[in-house]
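Here is a set of questions and answers about how structural words are applied to a protein. Please look at the structure first, and then read how each word is justified.

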Amino acid sequence: MDLSKIVSISGKSGLYLVKSQAVGRLIVESVIDGKCTPAFAHDRMSSLEEISIFSTDEDRPLKDVFKMIHEKMGDKVDFDYKKATPEQLREKFAFVMPDYDEEAVYPSDMKKVFAWYQMLMDKNLLDFTEEEAQPDAQAETSTEKE
């Protein structure tokens, strides 16, 4: 699962796919409606690959959290995260990621993680099957180097 081409842009709702790069800007496509727009160098963008969630041990990459949601809930988030109370969000997030840092991860962050997961699943942009095959490819590569 490659999240490096999916970005969140501060001040804009939803997620965006990076389509092309030009001088001082990116052309991004909205995951929600498919419209292409420019994103400029001054826009604060975060690749989902770079985002992590605070836990009691180490920060967990977002893709690991997505895997945990998939393992526990499947292809659909099993509750209405838009209408959930902060307590319900904490309960569901603890179910998915028991070791999350309760002081550093806010209900708004949890809601965003669930919303992003569902949005990406609805658009078939998350593929958990390639992750299972990847360790074998790494093992072959490491034996070739020796």
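What follows takes up strands, cores, a helix, a pocket and two loop residues in turn.

Q: What kind of model is this, and how are residues numbered?
A: This is a predicted model, in which local features need pLDDT of at least 70, side-chain atom pairs count only at pLDDT 80 or more, and totals for chains, interfaces and linings use all residues. Residues are numbered from 1 along each chain as its sequence is written, and side-chain values use heavy atoms, with hydrogens and water left out.

Q: How many helices and strands does the protein have, and what makes a stretch count as one or the other?
A: The protein has four helices and seven strands, where a helix is a DSSP run of H or I with at least four residues, a strand is a run of E with at least two, and numbering starts from the N terminus. Read along the sequence, the pattern is β-β-β-β-β-β-β-α-α-α-α.

Q: How do you know that strand S2 and strand S3 pair?
A: Two strands pair if DSSP finds at least two bridges between them. S2 (residues 16–22) and S3 (residues 25–30) have six bridges in the antiparallel sense, so they meet the definition. Within this pairing, leucine 17 has glutamate 29 as its bridge partner, and serine 20 has isoleucine 27. The two strands form a hairpin with two residues between them, and glycine 24 in the turn has a positive phi of about 75°.

Q: Which other strands pair with S2 or S3?
A: S3 is joined by five bridges to strand S4 (residues 36–40), running antiparallel, and leucine 26 stands opposite alanine 39 in S4. This hairpin has five residues between its strands, with a positive phi of about 80° at glycine 34 in the turn. S1 and S2 pair in the antiparallel sense over two bridges, and isoleucine 6 has leucine 17 as its partner in S2.

Q: Why is aspartate 99 called buried?
A: Buried means under 20% relative accessible area, exposed means over 50%, and partly exposed lies in between (1.4 Å probe, protein chains only). Aspartate 99 has a relative accessible area of 16%, and therefore counts as buried. This residue is found in the loop between H2 and H3. Leaving out residues up to four places away in sequence, aspartate 99 touches Ser55, Thr56, Asp57 and Arg60, where contact means heavy atoms within 4.5 Å.

Q: What makes alanine 104 buried, partly exposed or exposed?
A: Alanine 104 has 22% relative accessibility, and so counts as partly exposed. Alanine 104 also lies in the loop between H2 and H3, and touches Phe54 and Asp109 when residues up to four places away in sequence are not counted. Alanine 104 and serine 55 are 49 residues apart in sequence, and 8.4 Å apart in space from C-alpha to C-alpha.

Q: What makes a group of residues a nonpolar core, and which residues have the most contacts inside the largest one?
A: A nonpolar core is a set of buried Ala, Val, Leu, Ile, Met, Phe, Trp, Tyr and Cys residues joined through side-chain atoms within 4.5 Å. The largest has 36 residues, and those with the most contacts inside it are Leu48, Phe66, Ile69, Phe93, Phe114 and Leu126. The elements that give two or more residues to this core are helix H1 (62–73), helix H2 (86–96) and helix H3 (107–122), and H3 gives the largest share, nine residues. Apart from this core lies another, of six residues, among them Tyr16, Leu26, Val28 and Ala39.

Q: How do you know that the span of H3 is close to the expected one?
A: The expected span of a helix is 1.5 Å times one less than its number of residues. H3 has 16 residues and reaches 22 Å from its first C-alpha to its last, close to the 22 Å expected.

Q: Why is a space called a pocket, and how much space lies in the largest one?
A: On a 1 Å grid over the protein atoms alone, a pocket is an open set of points with protein on both sides within 12 Å along at least five of seven lines, and lining residues have an atom within 4 Å of a point. About 480 Å³ of space lies in the largest pocket, the volume being the space filled by probe spheres set on the points, which are joined across faces, edges and corners. Of the 21 lining residues, the closest to its centre are Ser8, Ile51, Asp109, Lys112 and Trp116. H3 gives the largest share of the lining, six residues.

Definitions and conventions:
1 Å grid on protein atoms, 1.4 Å probe; cavity = no way out; pocket = protein on both sides within 12 Å on 5 of 7 lines; lining within 4 Å.
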